[in-house]
Amino acid sequence: MEQKMSKWGFKSEKRTVTIRDFLEILKGNLNKNDKRDVIHLGHGDPSPYPSFKTSPVAEESLLNALRSSLFNGYPPSAGLSPARESVAEHLSKDLPHKLSEGDVFLTAGANHAIEVVLSALARPGANILFPKPGYPVYEARAAFSNLEVRHFNLLPERGWEVDLDGVEALADDKTIAMVVINPGNPCGNVFTFEHMQKIAETAQRLGILLISDEVYNHIVFGSNKFLPMGLLGSVTPVLTLASMSKRWLIPGWRLGWIAASDPNGVLKKSGIIESIENYLCITADPATLIQGAVPEILEKSTDAFFSRTNDTLRESADACYATISEIPSLSCPHKPEGAMSTMIEINPLLLEDVKDDVDFAMKLAREESVMIMPGSILGLKNWLRLSFSVEPAILRDGLERIRAFCSRHSNTLQGYMKLESRRCASSNLMHDDC
C-alpha cells in the first residue's frame, strides 16, 4: 500500500511557505538560554496585548447571543439572514449604491473568504494576478486550486502603488481577476481615490474582476482616508473580502465576509455568484453563535473605540519609522499610514555575516529573541515585514534589540566601499572618478 500511495507524489508537491510556517521555524531557532521575553513582531494578532483589547460591546453582544439560546444550530450556507443584512447595511454606508443580503456571504474569517473566492473562480488554464509583496495565503490557496499565479509589483518609491503598466503586461485572455490589498498588508500604505480609479479602469479595460482585500478597512492614521473599492463597482465588478478580526481586535472569532459590489449585475450574469454559493454549500461555516452577535456588534460599536485603536497604531508607526530611520543598514521608504505592519529594506552590504532577509530573521531570533518576518516569504527578498500591533513598550524594546543586532553586525566601512565600487561599475566611471 505504501508503494501505491507514494506514486501520487504527495511528498514532492510544492507548497507555498506561509507566515505561520515561518513563525514556527523562527520559534525553533530561539535561544532557550535567553531569559528575556520573546518579542513577536512577525504576525498581525494584536489581541494578546492590553492596548488592543476588544470593545465591551463585542463581548456583551456575544454573551447576549449565547444567553438567547437562539444560535446553537446549523446556519444556512451563506450565513444567517440578520447577520448578512447587518453587514450589507454596514458596508452600504460607504458606498453610492445599497447592498442587499444577497450581495453578502459570511465566512469563517478572511482566509476562508480567500479559499471560497479562489475555489469558485478556478478554471483549467486560468490565471490570477497577485501583488508583490503580498499575503502568502493567496499563493498557497491558488496552488491548491491549480490557478496559475502571476505577480505585479507594488512600487515603494510611489507609496506602494500598483505598477499598472506591469498589470497590463501580465494579463491575457486567461486572466480572471486581480487582487489588491487596501489598506496595505504588508506595506502599511493606503491608496488614494485617484489611484483606485486607475486600478478599476485598468481592470475594466482588461475584462477582469477586482478582488479587494479590505481586512484592515478603516484602520488608517495618515493623510489618506480609507475608501472601499466597491465605490467603483460600476466601473468593474468588485468582490470585497473583509472580516471583524482586525478592526474589532477579535481574530479568533473567525467572522468574515465576501461582498459583491456589482451594480451592473456582471457577477450574477456570468455565474460567479452562483459558483460562490455552490462552494459555500460544501465548506465550513462561521460559528452560528458569532453570527448571532454580529447585528448588535455592528449597531452598537462606537467611533471612540476605533479611534483609540488608530491612535495607538499611529504612535507605534511613528516610533517604528523614526527608529528604523536611525539604523544605517535598514530603511523604510514609506511611513506606514494604515493597517498594522510596514516593510523595511535591508542593505546586506552594511551587515557582517548576514546574507539576506531570511538569515537576518533567523539570527535576530537567535541573538535577540525578536521574531520578524522576512520579505522573501511575502515575495520581496532583502526586505522585512515588521508588525507594530503590540504593546508600545514591547515595541520600543523590540526596536532597540533590532538596533543592537544591526550595530553588532555592522560592517559600515566595508559596506560603503562595496556600494561605491558597484556605483562606479554601473556608471562606467573612470578610475580617477572612483
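Here are some worked exercises on helix packing, helix length and backbone geometry in a predicted model.

**Exercise 1. Two neighbours of α5**

Task: Describe how α5 packs against α6, and then how α5 packs against α10.

Solution:
- Start with what to look for: a packed pair of helices is described by the angle between the axes and the distance between them.
- For α5 (residues 110-121) and α6 (residues 136-144), the angle is about 40° and the axes are 10 Å apart. That makes α5 oblique to α6, since an angle from 35 up to 65 degrees falls outside both the roughly parallel and the roughly perpendicular ranges.
- The handedness of the α5 and α6 crossing is right-handed.
- Now list the residues in contact: Asn111, Ile114, Glu115, Leu118 and Ser119 of α5 touch Val137, Tyr138, Arg141 and Ala142 of α6. Sorted by class, the α5 and α6 contact holds five nonpolar, two polar and two charged residues.
- Turn to α10 (residues 272-280), which packs with α5 at about 120°, the axes being 9 Å apart. This pair is therefore oblique as well.
- α5 crosses α10 in a right-handed sense. On the α5 side the contact uses Glu115, Val116, Ser119, Ala120 and Leu121, and on the α10 side Ile272, Ser275, Ile276, Tyr279 and Leu280. By class, the contact of α5 with α10 has seven nonpolar, two polar and one charged.
- Finally, compare the lists: Glu115 and Ser119 of α5 appear in the contact with α6 and in the contact with α10.

**Exercise 2. A contact sorted by class**

Task: Work out which classes of residue make up the contact of α2 with α13.

Solution:
- Set the geometry first: α2 (residues 19-28) and α13 (residues 357-368) pack at about 45° with their axes 8 Å apart, and the two are therefore oblique to each other. Their crossing is right-handed.
- Next, name the partners: Phe22, Ile25 and Leu26 of α2 meet Val358, Ala361, Met362 and Ala365 of α13.
- Then sort them: the contact has seven nonpolar, no polar and no charged residues.

**Exercise 3. Helix length and burial**

Task: Check the spans of α4 and α12 against the expected rise, and find what covers their buried residues.

Solution:
- α4 (residues 81-92) has twelve residues, which at 1.5 Å a residue should span 16 Å; the end C-alpha atoms are 16 Å apart, so the two agree.
- α12 (residues 303-325) has 23 residues and reaches 32 Å, close to the expected 33 Å.
- Buried residues of α4 include Arg84, Val87, His90 and Leu91. Their cover includes β2 (104-107), β9 (256-261) and α11 (288-300).
- In α12, the buried residues include Phe305, Phe306, Leu313, Cys320 and Ile324. Among the elements covering the buried residues of α12 are β11 (341-346), β14 (383-387) and α14 (392-408).

**Exercise 4. Backbone exceptions**

Task: Locate the cis peptide bonds at Pro133 and Pro183, and the positive phi values at Arg254 and Asn382.

Solution:
- Recall the background: most residues other than glycine have a negative phi, and most peptide bonds are trans.
- The bond joining Lys132 and Pro133 is cis, with omega about 5°; Pro133 sits in the loop between β3 (127-132) and α6.
- The bond from Asn182 to Pro183 is also cis, with omega near -5°, and Pro183 lies in the loop between β6 (175-181) and α8 (193-206).
- Arg254 has phi near 55° and belongs to the loop between β8 (238-243) and β9. Its 31% relative accessibility makes Arg254 partly exposed.
- Asn382 has phi near 65° and is in the loop between β13 (373-374) and β14.

Technical notes. Residues are numbered from 1 along each chain as its sequence is written. This is a predicted model: local features need pLDDT of at least 70, side-chain atom pairs count only at pLDDT 80 or more; totals for chains, interfaces and linings use all residues. Side-chain values use heavy atoms; hydrogens and water are left out. Axes are lines fitted to C-alpha atoms, for helices over the stretch in contact, and angles run from 0 to 180 degrees between N-to-C directions. Helices (H or I, at least four residues) and strands (E, at least two) are DSSP runs, numbered from the N terminus. Angles under 35 degrees count as roughly parallel, over 145 as roughly antiparallel, 65 to 115 as roughly perpendicular and the rest as oblique. A crossing is left-handed if the near helix is turned anticlockwise from the far one by less than a right angle, and right-handed if clockwise. Contact means heavy atoms within 4.5 Å. Ala, Val, Leu, Ile, Met, Phe, Trp, Tyr, Cys and Pro count as nonpolar, Asp, Glu, Lys and Arg as charged, and the others, Gly among them, as polar. The expected span of a helix is 1.5 Å times one less than its number of residues. Buried means under 20% relative accessible area, exposed over 50%, partly exposed in between (1.4 Å probe, protein chains only).
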